[in-house]
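Got the model open in your viewer? Let's walk through it stop by stop, selecting as we go.

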Amino acid sequence: MSTEFEGLTALVTGGGSGIGLATATLLAERGARVACLDVNPPGEPFLGLKADVTDDASVRTAVAAAAEHFGGLDIVVNNAGIGAAGTIADNPDDEWLRVLDINVVGMVRVARAALPYLRQSSHAAIVNTCSIAATAGLPNRALYSASKGAVLSLTLAMAADHVEDGIRVNCVNPGTADTPWVGRLLDAATDPVAERAALEQRQPMGRLVSAQEIAHAIAYLASPLGSATTGTAIAVDGGMQGLR
Ligand code: NAD
């Protein structure tokens with residue numbers, strides 16, 4: 001078992017489910033002390049912090065609570081996010097603003113609140129969960145894609161702004177991942193089993209990506225092993241971007 005996170009502390013948003021929970025679990029297994037900020041936070045072994053990323057006051061309180069509990073903060077995994085289907089004809093302005101508030105401004109709020117603590121760390125890293133939707137031109141995902149495109153450019157801008165603070169900023173671009181979110185989408189289909197089979201068939205590897213596979217990429221970017229990596233994106237998409 002590797003222990004590259006020994007002595008380090010991490011805050012994972014959206015840590016109550018899916019990719020966030022898999023990441024929190026992996027970082028903890030490798031020695032980190034981990035806080036999970038979520039509207040439905042998990043309990044032990046994590047420090048569960050109930051907060052909504054759209055609420056700046058609750059974010060500030062949660063980030064400060066994590067830093068105080070651990071005596072500092074080294075890693076932020078900005079992962080909380082929601083999906084949105086539709087073309088530009090389908091989503092009204094208030095839905096655009098709601099999704100952008102969670103998926104983009106939510107990451108800004110968390111990172112902004114964490115900055116003073118990260119500046120004090122000698123292993124500071126932020127990893128944002130982006131998506132292949134940021135660059136792929138997926139049909140029927142205009143709002144979601146725009147939100148993730150913003151996460152990608154935000155990642156690059158933050159990396160440039162904070163390189164001299166010693167804070168590395170990167171993102172992961174998952175393809176279709178087998179998380180409770182995707183499970184809910186499949187359950188809503190008329191024939192969930194056939195829908196899953198069709199979804200798997202569209203993947204070059206013939207299967208969905210697991211939350212754990214994405215967690216491993218996040219862990220690399222967050223850990224001292226990724227010490228020369230900043231301002232980049234790692235795709236964990238079963239070949240979706242490169243092979244299709
Ligand atoms: P999930 O629904 O399983 O988990 C998301 C978590 O975020 C939940 O615990 C939820 O409570 C939390 N959350 C949602 N809104 C929140 C808010 N306003 N404040 C605080 N917490 C909030 O989803 P997942 O599949 O694990 O997705 C996690 C991230 O991965 C998202 O940013 C998503 O865009 C991205 N992603 C997922 C996939 C996929 O196929 N599952 C693909 C690409 C990118």
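Which residue in E2 does valine 12 stand opposite? Select valine 12 and look across to E2: the residue facing it is cysteine 36.

Before going further, some housekeeping. Residues are numbered from 1 along each chain as its sequence is written. What you see is a predicted model, where local features need pLDDT of at least 70, side-chain atom pairs count only at pLDDT 80 or more, and totals for chains, interfaces and linings use all residues. The protein chain averages a pLDDT (the predictor's confidence in each residue, from 0 to 100) of 97, and 100% of the residues score at least 70. The model scores are ipTM 0.99 and pTM 0.98. Element names follow DSSP runs, numbered from the N terminus: helices (H or I) have at least four residues, strands (E) at least two.

**The sheet**

Show the strands next. Seven of them form an open sheet in the order E3-E2-E1-E4-E5-E6-E7, with parallel pairing; two strands pair if DSSP finds at least two bridges between them. E3 and E7 (233-236) are the edge strands, each pairing on one side only. On average, neighbouring strands here are turned by 20 degrees against each other, direction ignored.

Now select E1, residues 9-13. Five of its five residues are buried, meaning that 20 or more other C-beta atoms lie within 10 Å of a residue's own (12 or fewer is exposed, in between is partly exposed; C-beta atoms are placed from the backbone). Thr9, Leu11 and Thr13 are on one side, Ala10 and Val12 on the other, and both faces are covered. E1 pairs with E2 in the parallel sense over five bridges.

Step across to E2, residues 33-38, which is also parallel to E3 and joined to it by four bridges. Cysteine 36 turns up again here, opposite glycine 48 of E3. Colour E3 (47-50) by burial and you'll see an alternation: Leu47 and Leu49 point to one face and are buried, while Gly48 and Lys50 point to the other and are not.

Then jump to E5 (124-129) and E6 (167-174), which run parallel and are joined by six bridges. Look for alanine 125, opposite arginine 168 in E6.

**The helices**

Bring up H3, residues 93-118, together with H5, residues 142-162: their axes come within 9 Å and cross at roughly 20 degrees. Axes are lines fitted to C-alpha atoms, for helices over the stretch in contact, and angles run from 0 to 180 degrees between N-to-C directions. H3 and H5 are therefore roughly parallel to each other (under 35 degrees; over 145 is roughly antiparallel, 65 to 115 roughly perpendicular, the rest oblique). To light up the contact (C-beta atoms, placed from the backbone, within 7 Å), pick residues including Trp96, Val99 and Met107 of H3 and Leu143, Val151 and Met158 of H5.

Next, select H1 (18-29) and H8 (211-222), whose axes come within 8 Å and cross at roughly 55 degrees. That makes H1 oblique to H8. Among the contacting residues are Ile19, Ala22 and Leu26 of H1 and Ile214, Ala215 and Ile218 of H8.

**Last stop**

Stay in H1 and zoom in on leucine 21. It counts as buried because it has 22 C-beta neighbours inside 10 Å. Leaving aside residues up to four places away in sequence, leucine 21 touches Gly15, Gly16 and Pro42. Finish by drawing a distance from its C-alpha atom to that of phenylalanine 46, 25 residues along the chain: 9.9 Å.

Terms used:
Contact = placed C-beta atoms within 7 Å.
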